[in-house]
Amino acid sequence: MGDHPSEPGAINCGMTLNSLKDRLYSLNMRMRLAMQNHDEQAQADIQEQIAAVQREIDQMCLGGRRR
């Protein structure tokens, strides 16, 4: 299942900056819920996903291509 779009390692050539921002927003909302529920495992998992999306955004903004 490594190619599901919500997984951190997923590569989607059609990914736009707006879709990445939407994904980041969604992850932030999930993080907020995990924090309210005191679910530390979910927080750690979501934090990893947030970091992966942020790296994709940074690469896109810097003009770098992922191979």
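Accessible areas here come from the Shrake-Rupley method with a 1.4 Å probe, and for residues only the protein chains shown count as cover. The model is predicted: local features need pLDDT of at least 70, side-chain atom pairs count only at pLDDT 80 or more, and totals for chains, interfaces and linings use all residues. Residues are numbered from 1 along each chain as its sequence is written, and side-chain values use heavy atoms, with hydrogens and water left out.

**Exercise 1. Describe the chain as a whole.**

Step 1. The accessible surface comes to about 5,200 Å², and carbon and sulfur atoms hold 52% of that area.

Step 2. Of the 67 residues in the chain, 24% are buried; buried means under 20% relative accessible area, exposed over 50%, and partly exposed in between (1.4 Å probe, protein chains only).

Step 3. The chain contains two helices and zero strands. Helices (H or I, at least four residues) and strands (E, at least two) are DSSP runs, numbered from the N terminus.

**Exercise 2. Determine which residues form the salt bridge and where they lie.**

Step 1. A salt bridge requires a side-chain nitrogen of Lys or Arg within 4 Å of a carboxyl oxygen of Asp or Glu. A search of the whole structure gives one such bridge.

Step 2. The partners are Arg23 and Glu56, whose closest N and O atoms are 3.7 Å apart. Arg23 belongs to helix 1 and Glu56 to helix 2, so that the pair, 33 residues apart, links distant parts of the chain.

Step 3. Both Arg23 and Glu56 are buried.

**Exercise 3. Locate Asn18 and state its exposure.**

Step 1. Asn18 is placed in helix 1, which spans residues 17-36.

Step 2. Its relative accessibility is 56%, and Asn18 therefore counts as exposed.

Step 3. Between the C-alpha atoms of Asn18 and Ile57 the separation is 9.6 Å, although their positions lie 39 residues apart along the chain.

**Exercise 4. Explain what is notable about the backbone of His38.**

Step 1. His38 is found in the loop between helix 1 and helix 2.

Step 2. Most residues other than glycine have a negative phi. His38 is not a glycine, yet has a positive phi of about 55 degrees.

Step 3. His38 counts as exposed because its relative accessibility is 67%.

**Exercise 5. Place Asp45 and classify its exposure.**

Step 1. Asp45 lies in helix 2, residues 40-62.

Step 2. With 34% relative accessibility, Asp45 counts as partly exposed.
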